[in-house]
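Please look over the sequence and the 3D structure shown here. The briefing that follows goes through them topic by topic.

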Amino acid sequence: MNEPQDPGGPSEWQERITGTWYGLPAIFDADGGHTGFNEVNRSSVFADGVTTYYMACNFANTGPLRNRFEIRDFAFGVDDTGRNRIYLGPDFYGAGHPYGALVDSHYYSPGWRADLNTVNQILPDGVTQVYSSLLYEGPTIFAVFNGVYRNAHDYDTNPGTRGEIDAFLRRERETASRPHVLPDRTGGTWTGTCEVFGADQHEQGTVDVEISHSPVDLVRASQEWALHGALDRSFGYTRTRIGNRHTYDGPDLHGNAIGYGRALYTTQHHSTEAFKIRGREFIIDDDHTMAVAWKLYDGDVMTHVVFGPLTWNPDR
């Protein structure tokens with residue numbers, strides 16, 4: 001249900017994303033092959049009680065996807081007077097579901113003839129957004145976009161801001177297509193505090209996350225997870241990477257994943273419980289900082305959304 005809030009002002013999510021977001025998402029085909037980039041500026045504008053979302057795209061990619069994504073400018077109305085962001089067309093139809101600083105959207109693009117699942121995750125600094133879109137025809141993925149955005153309010157008038165954003169976009173061009181490869185010779189831990197929301201979109205607190213990582217060889221590693229706080233769980237598995245395909249082989253979790261550049265899309269099933277995790281794990285810099293977004297399930301019913309940045313701490 002779209003529960004009304006204050007119809008006279010912008011939503012909480014709308015306030016978070018004020019300004020223009022500058023990014024250079026990488027474009028991948030269904031197998032994970034990098035085909036190019038989309039230099040895109042995105043903004044969501046609240047004016048006169050109405051929210052409108054704008055995208056100015058500049059695609060530079062190759063192969064069959066080039067023709068599909070040639071449309072450059074998009075605009076669509078948004079009803080965000082309630083708990084969800086409903087996309088009213090004409091360029092996108094569907095809804096986004098906010099969980100604090102993360103929105104999980106499911107919608108359709110008539111211009112691209114694509115059904116999309118987009119995850120936008122704003123990091124605690126408030127100006128960095130980790131973005132991904134899985135594009136479907138029916139149940140089949142045909143393309144993936146993902147990348148990092150930075151927010152600015154004065155790009156056109158402030159030379160300092162323009163220089164920072166332009167330098168950021170140059171770095172993204174160099175790194176956006178790098179594969180999701182974890183440290184293969186050095187052990188260590190990822191640690192961080194993540195936000196926890198229930199499936200009802202209500203905040204449930206935070207969880208301290210620690211993932212211990214021990215390489216077995218250049219393509220295998222064992223990992224032990226410990227979650228404490230709003231959720232308390234621990235489990236482990238051995239993981240293997242073959243190209244951009246990954247598998248998880250117990251003892252506690254079994255499943256697989258596929259990488260599209262820096263973003264890894266995972267599904268893991270518990271060996272003795274009706275519990276599974278679906279997630280996106282995104283390496284955002286050369287220090288292996290990872291922005292994670294996980295959905296936790298009891299059977300096929302989602303119970304929690306967990307997300308936040310994790311810092312890599314190599315063994316000394």
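In this predicted model, the largest nonpolar core has 38 residues, and F69, F92, W112, L135, F145 and F307 touch the most other members of it. Eight strands are named below as suppliers of this core, each with at least two residues. The notes then turn to the whole chain, one buried glutamine and the cysteines.

**Nonpolar cores**
- The strands that each supply at least two residues of the largest core are β4 (50–61), β5 (73–79), β8 (102–109), β9 (114–122), β10 (128–137), β11 (140–152), β20 (290–298) and β21 (301–314).
- Setting aside neighbours within four places in sequence, F69 is in contact with F59, W112, L135, F142, A143 and F145.
- A second core, separate from this one, has 26 residues, including L227, Y248, L264 and F275.

**Overall fold**
- The chain contains three helices and 21 strands.
- Its radius of gyration is 19 Å, close to the 20 Å given by the globule rule for 316 residues, so the chain is as compact as a globular protein of that length.
- The C-alpha trace spans about 55 × 40 × 40 Å along its principal axes.
- Of the contacts between residues at least 6 apart in sequence, 43% join residues at least 24 apart.

**Surface and burial**
- Buried residues account for 51% of the 316 residues.
- The chain exposes about 14100 Å², and carbon and sulfur atoms supply 50% of that area.

**Q129**
- Q129 lies in strand β10.
- With a relative accessible area of 2%, Q129 is buried, because buried means under 20%.
- Leaving out residues up to four places away in sequence, Q129 touches W21, R42, N120, Q121, I122, G147, V148 and Y149.
- Q129 and E172 are 43 residues apart along the chain, and their C-alpha atoms are separated by 13 Å.

**Cysteines**
- C57 has 5% relative accessibility and therefore counts as buried.
- C194 also counts as buried, because its relative accessibility is 0%.
- A disulfide requires a pair of cysteine sulfur atoms within 2.5 Å, and by this rule the count is zero.

**Confidence**
- The mean pLDDT of the chain is 93, and 97% of its residues reach 70 or more.
- Over residues 1–6 the pLDDT is below 50, and this stretch has 15 contacts in the model beyond near neighbours in sequence.

Note on methods:
Residues are numbered from 1 along each chain as its sequence is written. This is a predicted model: local features need pLDDT of at least 70, side-chain atom pairs count only at pLDDT 80 or more; totals for chains, interfaces and linings use all residues. Side-chain values use heavy atoms; hydrogens and water are left out. Buried means under 20% relative accessible area, exposed over 50%, partly exposed in between (1.4 Å probe, protein chains only). pLDDT is the predictor's confidence in each residue, from 0 to 100. Contact means heavy atoms within 4.5 Å. Helices (H or I, at least four residues) and strands (E, at least two) are DSSP runs, numbered from the N terminus. The radius of gyration is taken over C-alpha atoms; the globule rule is 2.2 Å times the number of residues to the power 0.38. Accessible areas come from the Shrake-Rupley method with a 1.4 Å probe; for residues, only the protein chains shown count as cover. A nonpolar core is a set of buried Ala, Val, Leu, Ile, Met, Phe, Trp, Tyr and Cys residues joined through side-chain atoms within 4.5 Å.
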